[in-house]
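Here's an informal walk through one chain, for someone who likes to know the cut-offs behind each label. Have the viewer open as you read.

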Amino acid sequence: MAEGYDTTRFRSTVDDGFICCICLGVLKDPMQCENNEHYFCSCCIKKHLEKTSQSCPVCQDKLTVETLRKAPRIVAYCVSRYKIDCDNKERGCDAVLELGALKKHVENCEFAPVFCSNKGCNDVVNERDVKRHELELCRFKAATCVVCGKKMPQHEYDAHGCVLRRNLKKIKKDLVDMRATQHEVLNEMRQMTAAMKNLEKSCRKVGDVLNTRNIDIVVIGGEDAESQPLSSVERFNLFNQTWTSLGELKIGRCLFAAVLFENQIFVCGGCTSDILKDTTDTIEVLDLKGNTPEWKEFAANMPIKVAGHQCVIHGNSLLIIGGCTNGEKGLDTIYELLLVPPYSSKLLCHMKKKRALHKVQLFDNKVLIAGGVNDDKGTESSVEIFDITRNKCIGMPPLPSPVSSMATVRRGDGMLLIGGLDAENNVRKEIIEYDFKTGRSKVLLTMETKQNCCCAVCHENTVFVFGATKDDDQFVRCLNFLTNSWNKLPAMAEARISASAVIVEKKNLNF
């Protein structure tokens with residue numbers, strides 16, 4: 001049994017009373033708690049009671065599967081009258097009908113997904129198209145040799161003996177003809193080779209364009225030139241090379257952490273006024289599936305007020321790593337906040353060093369933690385790994401030199417550390433590559449400009465770097481590893497220091 005219906009499928013706003021507080025979808029097979037008539041999807045509340053807690057998630061009264069009650073019939077009736085899109089909308093069905101009629105419609109919908117019946121084919125097509133696919137388009141459709149009459153799948157036809165012999169005879173004849181005009185053929189082959197190279201270059205360019213059509217980069221908050229936290233958010237369209245506004249945060253922030261979770265951007269903690277002071281534990285969320293994306297406060301706060309920290313998503317949890325509290329007190333803590341009900345939090349582990357203004361990257365079940373500023377305001381070259389499975393921090397070989405306030409991206413098995421400050425607070429322009437598996441590190445290349453408190457993302461073979469050079473806080477550059485060249489991109493609308501950036505795939509999003 002599935003969870004509730006996605007609210008974005010409905011053609012009108014659904015009353016909050018008909019929203020399951022567990023999955024946040026419209027009620028499906030509604031149930032209620034024993035005493036206080038709190039409504040849930042049958043599947044959601046049973047999973048909660050069996051795996052999480054023997055109590056109502058809203059009123060916390062004792063509750064079991066056995067003491068659950070069916071919601072009043074009027075609730076199911078009201079829900080059934082809402083207009084909803086067909087399950088197969090993404091496959092082309094434009095039907096809009098009452099929820100109560102949805103099941104019957106879907107059972108007979110001509111856009112329903114159907115597997116091809118040809119042996120060996122795993123294609124899924126619409127119900128109305130399956131016959132044409134099976135008889136005309138499928139590479140596994142039946143084919144018959146016109147010479148021997150043998151039946152076989154279409155994709156085996158070209159490798160069939162009769163066809164091969166016929167093709168071999170033709171090839172032999174062509175070879176005889178080619179010998180008569182050898183010099184002419186060689187010239188044609190040279191021309192074809194040149195044309196193929198040009199075609200390959202064109203295909204690469206087309207591939208690069210297609211790979212960027214559904215990609216946007218969102219750059220969030222930071223500080224302006226007067227060190228005031230920004231609430232503005234901009235997005236950069238890689239295909240059109242243009243910047244547009246994406247609403248504003250409810251409060252200006254810098255030195256925060258931004259992550260993606262289930263098509264939502266989470267902005268966590270940070271400073272709301274002075275640098276490393278006035279830290280906050282609040283979280284703002286932008287749901288990219290919404291028709292009108294708007295920043296909203298998350299249902300829970302982080303367990304501490306913190307800035308200069310780092311966050312990663314692991315499963316349904318947000319891991320909050322290091323940072324500093326008001327008064328610039330450094331932290332060695334790693335906390336976990338559950339991003340689904342009941343939104344609980346706990347302290348997982350202590351790092352080997354107290355760190356702020358450091359950077360992390362997630363590699364499967366391990367978090368690589370590098371550099372930063374320690375509790376004595378000294379810049380760190382140390383590196384450690386937080387093993388999530390073992391809940392333990394393990395020391396690793398250090399970086400070539402101390403660094404903090406840098407940007408990082410993951411590329412393959414490596415972390416790239418871009419710019420930052422050295423132990424004497426000099427701005428760096430090196431890009432360091434640190435191998436997660438071996439602990440080996442090296443200076444990969446030297447940038448044209450020094451970078452500090454910038455942010456970066458990596459897509460395919462390109463690294464994009466935003467803001468915070470010595471002379472230009474609206475700076476945007478990208479490094480292509482295939483050509484090993486830097487390119488200048490259109491500048492951001494606002495100057496930004498200590499901002500955050502995330503890559504968003506727009507496929508299936510209202511974005």
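## Backbone oddities

Asp29 is partly exposed, with a relative accessible area of 27%; that label covers the range between buried (under 20% relative accessible area) and exposed (over 50%), using a 1.4 Å probe on protein chains only. Before going further, a word on the ground rules: this is a predicted model, where local features need pLDDT of at least 70, side-chain atom pairs count only at pLDDT 80 or more, and totals for chains, interfaces and linings use all residues. Residues are numbered from 1 along each chain as its sequence is written, and side-chain values use heavy atoms, with hydrogens and water left out.

Back to Asp29: its phi is near 50 degrees, a positive value in a residue other than glycine. Asp29 sits in the segment before strand E1 (30-32). Strands here are DSSP runs of E with at least two residues, helices are runs of H or I with at least four, and both are numbered from the N terminus.

Gln241 is another non-glycine with a positive phi, about 60 degrees. You'll find Gln241 in the loop between strand E11 (230-237) and strand E12 (242-253), and Gln241 is partly exposed, at 32% relative accessible area.

There's also a cis peptide bond to look at, joining Pro341 and Pro342 with omega about 10 degrees. Pro342 belongs to the loop between strand E20 (329-338) and strand E21 (345-355).

## The chain overall

Zooming out, the chain has 6 helices and 34 strands. Its C-alpha atoms fill a box of roughly 85 × 70 × 45 Å along the principal axes. Of the 511 residues in the chain, 46% are buried.

## Two open sheets

Two strands count as paired if DSSP finds at least two bridges between them. One open sheet of 4 strands runs in the order E26-E27-E28-E29, with antiparallel pairing. Strand E26 (407-411) and strand E29 (441-446) are at the edges with a single partner strand each, so one side of each has no neighbour in the sheet. The twist there averages 25 degrees from one strand to the next; for such angles, axes are lines fitted to C-alpha atoms (for helices, over the stretch in contact), and values run from 0 to 180 degrees between N-to-C directions.

Another open sheet of 4 strands goes E30-E31-E32-E33, also antiparallel. Strand E30 (455-459) and strand E33 (485-488) are its edge strands, each pairing on one side only. From one strand to the next, the twist averages 20 degrees.

Here are some of the strand pairs, each with one facing residue pair:

| Strand pair | Bridges | Facing residues |
|---|---|---|
| E28 and E29 | 5 bridges | Ile432 and Val443 |
| E31 and E32 | 5 bridges | Val465 and Arg477 |
| E32 and E33 | 4 bridges | Cys478 and Asn487 |

E32 and E33 also make a hairpin with 4 residues between them, and Asn484 in the turn has a positive phi of about 55 degrees.

## Cysteines without partners

How many disulfides does the structure hold? The count is 0, where a disulfide is a pair of cysteine sulfur atoms within 2.5 Å. Cys33 is in no disulfide, and the nearest cysteine sulfur, that of Cys56, is 4.1 Å away. Cys33 is buried, with a relative accessible area of 2%. The sulfur of Cys453 is 8.0 Å from the closest cysteine sulfur, in Cys454, which is too far for a bond. Cys453 is buried too, at 18% relative accessible area.

## The largest pocket

The largest pocket has a volume of about 1,800 Å³. A pocket is an open set of points on a 1 Å grid over the protein atoms alone, where a 1.4 Å probe fits, with protein on both sides within 12 Å along at least five of seven lines; lining residues have an atom within 4 Å of a point. Grid points are joined across faces, edges and corners, and the volume is the space filled by probe spheres set on the points.

Its lining has 46 residues, and Cys23, Leu24, Gly25, Gln264 and Asp287 lie nearest the centre. Helix H1 (42-51), strand E14 (264-268), strand E15 (283-287) and strand E16 (295-297) each supply at least two lining residues. H1 gives the largest share, 4 residues. By class, the lining has 22 nonpolar, 13 polar and 11 charged residues; Ala, Val, Leu, Ile, Met, Phe, Trp, Tyr, Cys and Pro count as nonpolar, Asp, Glu, Lys and Arg as charged, and the others, Gly among them, as polar.
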